[in-house]
Amino acid sequence: MARTTDGNGATPVPRRLLAAATRLFAERGYDRTSVQEIVEAAGVTKGALYHYFGSKEDLLHEVYARVLRLQQERLDAFAGADAPVERRLRDAAADVVVTTIENLDDASIFFRSMHHLSPEKNKQVRAERRRYHERFRALVEEGQRSGVFSSATPADLVVDYHFGSVHHLSTWYRPDGPLSPREVADHLADLLLRALRP
């Protein structure tokens, strides 16, 4: 059975493979990165890669899926918190910005390379994203039903508005720019709540 860590017990092999793949996909593009380059950068064999990931496509899928799992877990916690809906939505809206910026390479790789996924994996990712968006939309709808938020704009459009901003972060955000991840998150979350104000 393949080891999960390297010889000295350091970083687990799957994490090393993902880190190498993420860096190479970001630098060169998914289609211009070979499996050999990934395993060399990770310091493992092709056998180790195929033990943990069935293909290069599986690595691409996992680059995005791990961020989405983190965001879904955090959204579920915000949505289920014992707090007013306005606070829960604002926390969720800010968090998705921060976690996207903290994983900007993953997000930009995915949006540039999603078309390389097989129809089956593409469908799976879309279902995972839809689940996230539906949970987020449920917060908007809860606030609209209770009169905390305006219902003048359909909840679907409100969600698309916010996530349109999130999905474009990789095209303009720079770590050395004037705004920290938290400042960008606060501005975008405030914009969302202002749009929902009755």
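These legends accompany several close-up views of one predicted model.

The model is predicted: local features need pLDDT of at least 70, side-chain atom pairs count only at pLDDT 80 or more, and totals for chains, interfaces and linings use all residues. Residues are numbered from 1 along each chain as its sequence is written, and side-chain values use heavy atoms, with hydrogens and water left out.

**View 1. The whole chain has 10 helices and zero strands.** Helices (H or I, at least four residues) and strands (E, at least two) are DSSP runs, numbered from the N terminus. The C-alpha trace spans about 60 × 35 × 35 Å along its principal axes. Of the 198 residues, 44% count as buried. Buried means under 20% relative accessible area, exposed over 50%, and partly exposed in between (1.4 Å probe, protein chains only). Contact means heavy atoms within 4.5 Å. Among contacts with a separation of 6 or more, 68% join residues 24 or more positions apart.

**View 2. Domain 1 (9-53) meets domain 2 (55-194).** These bounds come from an automatic or database domain assignment. The C-alpha centres of the two domains lie 27 Å apart. At the junction, 14 residues of domain 1 are in contact with 15 residues of domain 2.

**View 3. Two UniProt annotations cover residues 11-71 and residues 34-53.** The unreviewed entry labels residues 11-71 "domain: HTH tetR-type". That span is 77% helix and 0% strand, with its end C-alpha atoms 23 Å apart. The record also places a "DNA-binding region" at residues 34-53. Here the span is 75% helix and 0% strand, and the end C-alpha atoms lie 14 Å apart. UniProt positions are given in the numbering used here, feature names are shortened, and annotations may be inferred rather than shown by experiment.

**View 4. Helix α5 (residues 85-102) is mostly covered.** Of its 18 residues, 14 are buried. From first C-alpha to last, α5 reaches 25 Å, close to the 26 Å expected at 1.5 Å a residue. The expected span is 1.5 Å times one less than the number of residues.

**View 5. Arginine 129 is buried yet has no salt bridge.** A salt bridge is a side-chain nitrogen of Lys or Arg within 4 Å of a carboxyl oxygen of Asp or Glu. Arginine 129 sits in helix α7 (residues 119-145). Its nearest side chain of opposite charge, aspartate 160, is 8.2 Å away. Lys and Arg count as positive and Asp and Glu as negative; His and the chain ends are not counted. Beyond four places in sequence, arginine 129 contacts Tyr64, Leu68, Phe110, Phe111, Met114 and His167.

**View 6. Arginine 135 and aspartate 76 form a salt bridge at 2.8 Å, N to O.** The pair links distant parts of the chain, helix α7 and helix α4 (residues 56-79), 59 residues apart. Arginine 135 is partly exposed at 32% relative accessibility, and aspartate 76 is partly exposed at 24%.

**View 7. Arginine 137 and aspartate 156 form a salt bridge at 3.0 Å, N to O.** Arginine 137 lies in α7 and aspartate 156 in α8, so the pair ties together parts 19 residues apart in sequence. Alanine 155, also in α8 (residues 155-167), is buried at 7% relative accessible area. Not counting residues up to four places away, alanine 155 touches Arg137, Val140, Glu141 and Gln144.
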